[in-house]
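Hi,

Here is the structure I promised to pass on. Please have a look at it first, and then read my notes below.

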Amino acid sequence: MLSETDVIKLDYMHELIESMEDSVISSYEVLSNGVYEDHTKYQLALSFLNLAETNYVNYLREIREIRAERDETYTFETSYNEFKHELHSYVLQKDTNPTWLSSRKDSFIKKSTILKDFIKDVMSNYYESNRK
């Protein structure tokens, strides 16, 4: 049974996930839009990834603290780590074809949407059950 504190933490995790999505999308966009010089775009992409990673570490701490690990959380974490690995490879190889990176980004966004919907449902159910 979730406590009110757990539900507040779930809301915070929802915000962290949204921030991660923004950072992941930004890191991809910087690499794929061709506006920046190579050196600059790699630095910017890694800066956005650093923001995502900070939010990811906070997310992990919170999800473990309330012991809310589920299939949705595991697939979200896996998709984030796959994107991070692909981005690192892209930058290290100074790749210019973002096809794989795009695929990993899209997968991450899909999994994060599933997790955010799950969190919203859990929160909604909690508030519904407390109204009765």
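What follows is a short tour of what I found.

One thing to keep in mind from the start: this is a predicted model.

Let me begin with the core. The largest nonpolar core is made up of 30 residues, and Y59 and Y80 are the ones with the most contacts inside it. Four helices each give two or more residues to this core: α1 (4–32), α2 (38–65), α3 (71–92) and α4 (99–131). The most comes from α1, which gives nine residues.

Y80 is a good place to zoom in. If you set aside its neighbours within four places in sequence, Y80 is in contact with M20, V24, L49, A52, E53, Y56 and F108.

Next, take a look at how α1 and α4 are arranged. Their axes come within 10 Å and cross at roughly 165 degrees. Angles over 145 degrees count as roughly antiparallel, so that is how α1 and α4 run relative to each other. The crossing of these two helices is left-handed. Sorted by class, the contact of α1 with α4 has 18 nonpolar residues, along with four polar and seven charged ones.

Finally, is D71 buried or exposed? This residue is found in helix α3. Its relative accessibility is 61%, and the cut-off for exposed is over 50%, so D71 counts as exposed. You could also find N97 from there: D71 and N97 are 26 residues apart in sequence, and their C-alpha atoms are 32 Å apart in space.

Enjoy exploring, and write back with any questions.

Best wishes

Terms used. Residues are numbered from 1 along each chain as its sequence is written. This is a predicted model: local features need pLDDT of at least 70, side-chain atom pairs count only at pLDDT 80 or more; totals for chains, interfaces and linings use all residues. Side-chain values use heavy atoms; hydrogens and water are left out. A nonpolar core is a set of buried Ala, Val, Leu, Ile, Met, Phe, Trp, Tyr and Cys residues joined through side-chain atoms within 4.5 Å. Buried means under 20% relative accessible area, exposed over 50%, partly exposed in between (1.4 Å probe, protein chains only). Contact means heavy atoms within 4.5 Å. Axes are lines fitted to C-alpha atoms, for helices over the stretch in contact, and angles run from 0 to 180 degrees between N-to-C directions. Angles under 35 degrees count as roughly parallel, over 145 as roughly antiparallel, 65 to 115 as roughly perpendicular and the rest as oblique. A crossing is left-handed if the near helix is turned anticlockwise from the far one by less than a right angle, and right-handed if clockwise. Ala, Val, Leu, Ile, Met, Phe, Trp, Tyr, Cys and Pro count as nonpolar, Asp, Glu, Lys and Arg as charged, and the others, Gly among them, as polar.
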